[in-house]
Amino acid sequence: MSKSPTTRLRNFIGGEWRDSAATESVDVCNPATAEVLGRVPLSSAVEVDAAVRMANQAFSDWRRTPATERVQFLFKLKTLLQRHYEELARTITIECGKTLGEARGEVQRAIENVEVACGAPILLQGDFSEDIARGIDEFMIRQPLGVCACICPFNFPGMIPFWFMPYAIACGNAYLVKPSEKVPLTMQRVGELIEQTGLPKGVFNLVHGTHETVDAILDHPDIKAVSFVGSTPVAKHVYARAAASGKRVQCQGGAKNPIIVLPDADLEATTRIAADSAFGCAGQRCLAASLAVTVGEVRKPFTEAMTDVARSRVVGFGLDEKVQMGPVITPQSKARIESLINKALEEGAHLLTDGRGTVIPGYERGNFVRPTLIDGLPPQGDIARTEVFGPVLGLIHVDTLEDAIAFTNSGGYGNMACLFTSSGAQARKFRSEAQVGNVGINVGVAAPMASFPFSGARESFLGDLHGQGRHAIEFFTQTKVVVERWPREWTRQF
Ligand code: NAD
């Protein structure tokens, strides 16, 4: 694929790269340099329908292909992803802005999901009970659903489709990916690698676009299941609209993750881990710490240590190996983050470090925001409850662990909460009482490995089964229970 600035991306439908008929497109920009990397067509319902038709055709044979044969294509994909590891990581950095180290981690997690999905022949095994009554056996099998689709956010262009796609395909479904229009290049490249595996045409499809494309997916009667990852307002829209047409739906939404620091925590390690959580990926991670809640006398030493770490973080273009934090995704995102910092000041908070108006020499057109620490944030105020999605950490101070847990559970989101302590008893209480989907104990980004569900709760998740691991296998299959009667007098064999 040519990467010239005027390249308009093509859709991958039925095993062919097709020019979109869309008249409108949006630019894909490098967030560090503002260089235009390509243009994304805003594909219409007609193109979604074309992809679904091809996928449905492919499904009729793919569903009957033995799982052991299906996963051979995933083994090939894993090899190709490993071979193109560095290239994919650079593509992620260039279109999404994160550092090369962070991008490599993302590719690694994508590969790990392929590896887990390769276990489909075992994971798909059913249950069998002989003689549930005399001469009657009962068994449960798992069958693929049909055509399934995912709608992806901008912040992990190479990983999030892999929470779903390899499992869906391994289970015998045909699949459609709609990448974020802000970062479509990584999946475009993955699509080319999938093509090289020889996967039967139509089993994997890629359709670019924005709202109209999404709504066409949600309304299409032949799409049986939708996975969405993005902001909570859009998650709610997707959940309601997809469910209205009878689809199975899982929607991962936004977050406002607290990390709680107890006085007995290892201060040096906690500060380092907390800074990586809050400022890694420029805070554009659904598992980023966005609030640090100090308990008791740790308030002063933690605040001082965090201020030092935040000030010393090296900000710049992620391809530079010395850089510890890249830009945020768009100029609009930078403006939004800065306006939320202003709002926190209006609420009575004050800044310990100020990332507003950041300009990086040599990258004057980039969307940079330096690490920002806000102290004195009113716990019941708007900013303590609003997802900022940038390198901004608010500090809140309470007296007891109970207060910290009550604060954690009072917010709307429930993606992640972390506790820093050396006390097993406090850790046990916290992990039991925190109403969130992912808990970290002395860990700042409690990202589940590929074999565990990527959990989330309350406003951070709508649905039942999550992405990754066994949950994904369950999501992408329909159980069928068969009860069979073979009495002795019919068979005369027993
Ligand atoms: P977003 O909600 O703006 O966009 C996500 C997808 O929805 C994109 O593909 C976009 O084209 C589409 N979309 C956007 N608005 C739409 C509309 N009105 N109608 C139909 N489709 C629409 O999210 P984003 O800015 O790309 O990603 C950041 C968000 O994703 C943050 O809120 C972050 O917390 C969340 N996120 C959550 C998780 C998780 O696991 N819970 C993981 C990653 C990101």
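Trainee: At what distance from a polar backbone atom of G230 is an oxygen atom of the ligand?

Mentor: A polar contact is a pair of N or O atoms within 3.5 Å. Here, the distance to G230 is 3.3 Å. For a polar backbone atom of F154, the ligand oxygen is 3.1 Å away, and a polar side-chain atom of S231 lies 2.6 Å from a ligand oxygen. Of the 850 Å² of accessible area (Shrake-Rupley, 1.4 Å probe) that the ligand has on its own, the protein covers 89%.

Trainee: What should I keep in mind about the model?

Mentor: It is predicted, so local features need pLDDT of at least 70 and side-chain atom pairs pLDDT 80 or more, while totals for chains, interfaces and linings use all residues. Numbering starts from 1 along each chain as its sequence is written, and side-chain values use heavy atoms, leaving out hydrogens and water.

Trainee: How many residues surround the ligand, and of what classes?

Mentor: A residue belongs to the shell if one of its heavy atoms lies within 4 Å of the ligand. There are 28, the closest being C152, E181, S231, Q252 and E387. The shell has 14 nonpolar, eleven polar and three charged residues, with Gly counted as polar and Cys as nonpolar.

Trainee: How many aromatic pairs are there, and how do I read one?

Mentor: Such a pair is described by the distance of the centres and the angle of the planes. Centres must lie within 6.5 Å; planes under 30 degrees apart are stacked, over 60 edge-to-face, the rest tilted. This structure has ten pairs. F128 and F139 are stacked, because their ring centres are 5.5 Å apart and their planes at 10°. F128 is in β5 (127-133) and F139 in β6 (136-144), so the pair ties together parts eleven residues apart in sequence; strands are DSSP runs (E, at least two residues), numbered from the N terminus.

Methods
Polar contact = N/O pair within 3.5 Å; in protein donor to acceptor, adjacent residues only side chain to side chain. Phe/Tyr/Trp six-rings, centres within 6.5 Å; stacked < 30°, edge-to-face > 60°. Helix = DSSP H or I, 4+ residues; strand = E, 2+ residues; numbered from the N terminus.
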